[in-house]
Amino acid sequence: MAVPARRVSKARRDKRRSTVWKISAPAIERCKACGEFKMSHRLCAACGKYNGRQVIEIEED
């Protein structure tokens, strides 16, 4: 059931309506080895490197 308007303070109402609950976009950066875009702190899907070292071998078609 709804609560009467006078029972909810302006501060509480405005906190609920604020945009602090929206999620942000993931951080994207370029791979230092190949230049492809990748998410930060993730393995590069294009070249298979992470933090300057080869982690997995990528087969090229």
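Leu43 sits in the loop that joins β2 (37–39) to β3 (49–50), and this loop is a convenient place to enter the structure, which is a predicted model. With a relative accessible area of 35%, Leu43 is partly exposed. Together with Val55, Ile56 and Ile58, Leu43 makes a nonpolar surface patch of about 280 Å². Because patch members must have over 30% relative accessible area, the 35% of Leu43 meets that requirement.

The loop between β2 and β3 also holds Ser40. Is Ser40 buried or exposed? Its relative accessibility is 17%, so Ser40 counts as buried, the cut-off for this class being under 20%. Once neighbours within four places in sequence are set aside, Ser40 is in contact with Ala27 and Glu29.

Glu29 leads on to the charged pairs. The structure holds two salt bridges, and one of them links Glu29 to Lys38, with the closest N and O atoms 3.4 Å apart. The two partners are covered to unlike degrees: Glu29 is partly exposed at 36% relative accessibility, whereas Lys38 counts as buried at 14%. Glu29 thus takes part in a salt bridge with Lys38 and is also in contact with Ser40.

A salt bridge is likewise formed by Asp14 and Arg13, whose closest N and O atoms lie 3.1 Å apart. Here both residues are partly exposed, Asp14 with a relative accessible area of 40% and Arg13 with 29%. Such pairs are no surprise in general, because side chains of opposite charge can pair when their charged atoms come close.

It remains to step back and look at the whole chain. The protein has one helix and four strands, and along the sequence these follow the pattern α-β-β-β-β. How does the overall radius of gyration compare with that of a compact globule? For 61 residues a compact globule would have a value near 10 Å, but the protein has 23 Å. The box filled by the C-alpha atoms, taken along the principal axes, is roughly 65 × 20 × 15 Å.

The contact and burial totals complete the picture. Among contacts with a separation of 6 or more, residues 24 or more positions apart account for 0%. Buried residues make up 10% of the 61 residues, and both Ser40 and Lys38 fall in the buried class. The protein exposes about 6200 Å², of which carbon and sulfur atoms supply 52%.

Terms used. Residues numbered from 1 in each chain as written. Predicted model: local features only at pLDDT ≥ 70, side-chain atom pairs only at ≥ 80, totals over all residues. Heavy atoms only, no water. Patch = residues over 30% accessible without salt bridge, like charges linked within 9 Å, V, L, I, M, F, W, Y side chains within 5 Å. Areas by Shrake-Rupley, 256 points an atom, 1.4 Å probe, with all protein chains shown as cover. Salt bridge = Lys/Arg side-chain N within 4 Å of Asp/Glu carboxyl O. Helix = DSSP H or I, 4+ residues; strand = E, 2+ residues; numbered from the N terminus. Buried < 20%, exposed > 50% of the residue type's maximum accessible area, 1.4 Å probe, protein only. Contact = heavy atoms within 4.5 Å. Rg over C-alpha atoms; globule rule 2.2 N^0.38 Å.
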